[in-house]
Amino acid sequence: MDLRLGRDTFGDARNTGQLMELAEAHQLLREWVLNQRLLFHMEQVGHLLKCWASERGYNEPTIHLWHLAGLLHDADWDQFPEQHCAKIIAELERREQDPALMRAIASHGPRYFGVEPQSELDKMLYAFDELSGLTHAYSLMRPEGYEGMEVKGVKKRLKDKTFAAQVSREDINDAVGRLNITLDELIRFVIDWQLRAPEVAVLEG
Ligand SMILES: [Fe+2]
Ligand SMILES: [Fe+2]
């Protein structure tokens, strides 16, 4: 399955700063995604990105952009896997969204989509994507969940290729190599913020 997008620019610069409300994003997800685990995954990645942007002191519109990027990045994976990424990007372009939103989504898997992460948002989405799921899988096998979870425990699961085998270690390493933080710091952040919101359920409203 070739998912390469074959282009590097998305949306229209005139729409910079234009973003849908959260309710519209939720509506889109309800229509496109039937798989609850996938919804949960997107909520979790959206949550991490939102927390990252707010920890950095970014303004509200920026935090919202980051949140939406996480929330929507796999929106087409459930019903249109052979059009993964292209489909949601086209839809967001049709809805005249900020190009930064589509750019981030387009670069969340450079190996598959052929688009290199450039901005901090692009890179953080790529970095959180796989690590979030592995950390969550680890929390589910611990009786205490996220409580008391240590970075070294997550790293051990990363080394054990049979654990959450679908999680790409290659992508995680590649993503971390593009950041100015270490793998340990990234894992710490994921644990801390998923601990505070182990079940993000924003899709009700
Ligand atoms: Fe994806
Ligand atoms: Fe994802």
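This tour proceeds through a predicted model, selection by selection.

**1. The annotated span**

Begin by selecting residues 41-132, which an unreviewed UniProt entry lists as "domain: HD". The span is 67% helix and 0% strand. Place a distance label on its two end C-alpha atoms: they lie 8 Å apart.

**2. The nonpolar core**

Next, display the largest nonpolar core, which has 53 residues. Colour L49, A69, L72, L101, I105 and F128, the members with the most contacts inside this core. Helix α7, residues 120-141, supplies the largest share of the core, namely 9 residues.

Centre the view on I105. Which residues does I105 touch, leaving aside those up to four places away in sequence? The list is A69, L72, H73, C85, I88 and I89. A69 and L72 have already been coloured, as both are among the core residues with the most contacts.

**3. Helix α2 against helix α3**

Select helix α2 (residues 36-55) together with helix α3 (residues 60-72). Their axes come within 7 Å and cross at roughly 160°. Angles over 145 degrees count as roughly antiparallel, and α2 and α3 are therefore roughly antiparallel to each other. The crossing of α2 past α3 is right-handed.

To see the contact itself, show side chains on both helices. On the α2 side, the participants are M42, E43, V45, G46, L48, L49, K50, W52, A53 and S54. Facing them in α3 are T62, I63, W66, H67, A69, G70, L71 and L72. L49, A69 and L72 reappear here from the core list.

**4. Three positions along α2**

Keep α2 on screen and select Q36, which belongs to this helix. Is Q36 buried or exposed? Q36 is exposed, because 10 other C-beta atoms lie within 10 Å and the exposed class covers counts of 12 or fewer. For a longer view, add D12: Q36 and D12 are separated by 24 residues in sequence and by 32 Å between C-alpha atoms.

Move along α2 to E43. E43 is buried, since 21 other C-beta atoms are found within 10 Å and the buried class starts at 20. E43 is also one of the α2 residues that meet α3. Its C-alpha atom is 19 Å from that of Q166, a residue 123 places away in sequence.

Continue to C51, likewise located in α2. C51 is buried, with 21 other C-beta atoms within 10 Å. Add F189 to the selection: although 138 residues separate C51 and F189 in sequence, their C-alpha atoms are 9.3 Å apart.

**5. Helix α2 against helix α10**

F189 falls within the next selection, helix α10 (residues 183-196). Here α2 and α10 pack at an angle of about 110°, with their axes 10 Å apart. That angle makes α2 roughly perpendicular to α10. The contact is made by Q44, H47, L48 and C51 on α2, and by V190, W193 and Q194 on α10. As with α3, the crossing of α2 and α10 is right-handed.

**6. Helix α7 against helix α8**

Return to α7 and add α8. Their axes come within 10 Å and cross at roughly 105°, so α7 is roughly perpendicular to α8. From α7, show L134, T135 and Y138; from α8, show G153, V154, R157 and L158. These residues make the contact between the two helices.

**7. Loop positions**

Finish with three loop residues. Select E96, in the loop between α4 (86-94) and α5 (99-106). What is notable about the phi of E96? The value is positive, about 55°, although E96 is not a glycine. E96 is partly exposed, with 13 other C-beta atoms within 10 Å.

Then select A164, in the loop between α8 (151-159) and α9 (169-177). A164 has a positive phi of about 40° and is not a glycine either. With 19 other C-beta atoms within 10 Å, A164 counts as partly exposed, because a residue needs 20 or more to be buried.

The last stop is Q118, in the loop between α6 (110-113) and α7. Q118 is partly exposed, with 13 other C-beta atoms within 10 Å. Adding L19 gives a closing distance: the two C-alpha atoms are separated by 20 Å, and the residues are 99 apart along the chain.

Methods
Residues are numbered from 1 along each chain as its sequence is written. Chains are lettered from A and ligands numbered from 1 in the order in which they are written. This is a predicted model: local features need pLDDT of at least 70, side-chain atom pairs count only at pLDDT 80 or more; totals for chains, interfaces and linings use all residues. A nonpolar core is a set of buried Ala, Val, Leu, Ile, Met, Phe, Trp, Tyr and Cys residues joined through C-beta atoms within 7 Å. Helices (H or I, at least four residues) and strands (E, at least two) are DSSP runs, numbered from the N terminus. Two residues are in contact if their C-beta atoms, placed from the backbone, lie within 7 Å. UniProt positions are given in the numbering used here, feature names are shortened, and annotations may be inferred rather than shown by experiment. Axes are lines fitted to C-alpha atoms, for helices over the stretch in contact, and angles run from 0 to 180 degrees between N-to-C directions. Angles under 35 degrees count as roughly parallel, over 145 as roughly antiparallel, 65 to 115 as roughly perpendicular and the rest as oblique. A crossing is left-handed if the near helix is turned anticlockwise from the far one by less than a right angle, and right-handed if clockwise.
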